[in-house]
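Subject: Structure handover

Hello,

Here is the structure you asked for. Please open it and keep it beside this email as you read.

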Amino acid sequence: MSKSLITDTFSILLIVLSFFVPAEYHHALLFTGLFALSGAITNQLAIHMLFEKVPLLYGSGVIEKNFDTFKVSIKEMIMKQFFTKEQLGKFFAQEEQKIDLRPLVESADFTPAFEALSKTVMESKFGSAISMFGGEEALDGLREPFSRKLKSAVSSIVSSETFKAQLDHHIQNSALSEDMIASVEGLITRRLEELTPKMVKDLVQELIKEHLGWLVVWGGVFGGLIGLASSFFI
């Protein structure tokens, strides 16, 4: 059972229970349940709007809408981590067999890509809501699972037969020069162009949607506390 469903169910139970308790407890339970349900549903909608465009709700679908920024960050990270002249020279000097870039992917630092995603989310319409629960620091728990998922995606790119064949061709026919770096950059750009907004959205959604369930839980908790406090003024 998901965190969102548990929070919604518990809030509804408080509302129902309020009609079966003595009158002096009715308002406290009713307001706690109503405010908790309101907070949970509001945050569920906010999470949904991160990934899906909702008609008439401006700012929804921010992940899919900013997929170009995400792709540029991946490209810049790949070029800086794998394809500087110094790194390629050292790698080719040590590698005598068929080139396998996956070890480089596994040792790479994917922090720039995560920070680009985090910045996109915080600058979106939902940044203020996430700020209530710690802001960018609240997203830090996603750094490691994000890196694992992105490493898997990048590994798929550099392990593809098309990528390997074209890279081998460039190695055999080019000197280790700016022209070669430009050729590799163009190859990566073309590969990343195959990504669609939906593919980027699905990648990010699979990674972080489960973890954002806590946003719903805390929305219900704080909403319930506000409702409980409000009941004493009725």
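Below are notes on its aromatic pairs, a surface patch, the core and one serine.

First, the ground rules. This is a predicted model, where local features need pLDDT of at least 70, side-chain atom pairs count only at pLDDT 80 or more, and totals for chains, interfaces and linings use all residues. Residues are numbered from 1 along each chain as its sequence is written, and side-chain values use heavy atoms, with hydrogens and water left out.

Aromatic pairs

There are two aromatic pairs (rings of Phe, Tyr and Trp, using the six-membered ring of Trp, with centres within 6.5 Å; planes under 30 degrees apart are stacked, over 60 edge-to-face, the rest tilted). Phe-31 and Phe-35 form a stacked pair, because their ring centres are 6.2 Å apart and their planes meet at 15°. Both sit in helix H2, residues 23–51 (helices are DSSP runs of H or I, at least four residues, numbered from the N terminus). They are four residues apart, about one turn of the helix. Phe-31 is buried at 18% relative accessibility (buried is under 20%, exposed over 50%, partly exposed in between, with a 1.4 Å probe and protein chains only). Phe-35, at 32%, is partly exposed.

Trp-218 and Phe-222 make a tilted pair: their centres are 5.9 Å apart and their planes are at 40°. Helix H14 (213–231) holds both, again four residues apart. Trp-218 is partly exposed at 40%. Phe-222 is partly exposed at 42%.

The core

The largest nonpolar core has 40 residues (a core is buried Ala, Val, Leu, Ile, Met, Phe, Trp, Tyr and Cys joined through side-chain atoms within 4.5 Å). Among the members that touch the most others are Ile-63, Phe-83 and Val-204. Elements giving two or more residues to this core include H2, helix H4 (67–82) and H14. H4 gives the largest share, seven residues. In soluble globular proteins, nonpolar side chains tend to be buried together.

The surface

Look at Phe-20 next. Phe-20 lies in the loop between helix H1 (3–17) and H2. Phe-20 is exposed, with a relative accessible area of 68%.

One serine

Where is Ser-231? Ser-231 is in helix H14. Ser-231 is buried at 8%. Leaving out residues up to four places away in sequence, Ser-231 touches His-27, Ala-28 and Phe-31 (contact means heavy atoms within 4.5 Å).

Best wishes
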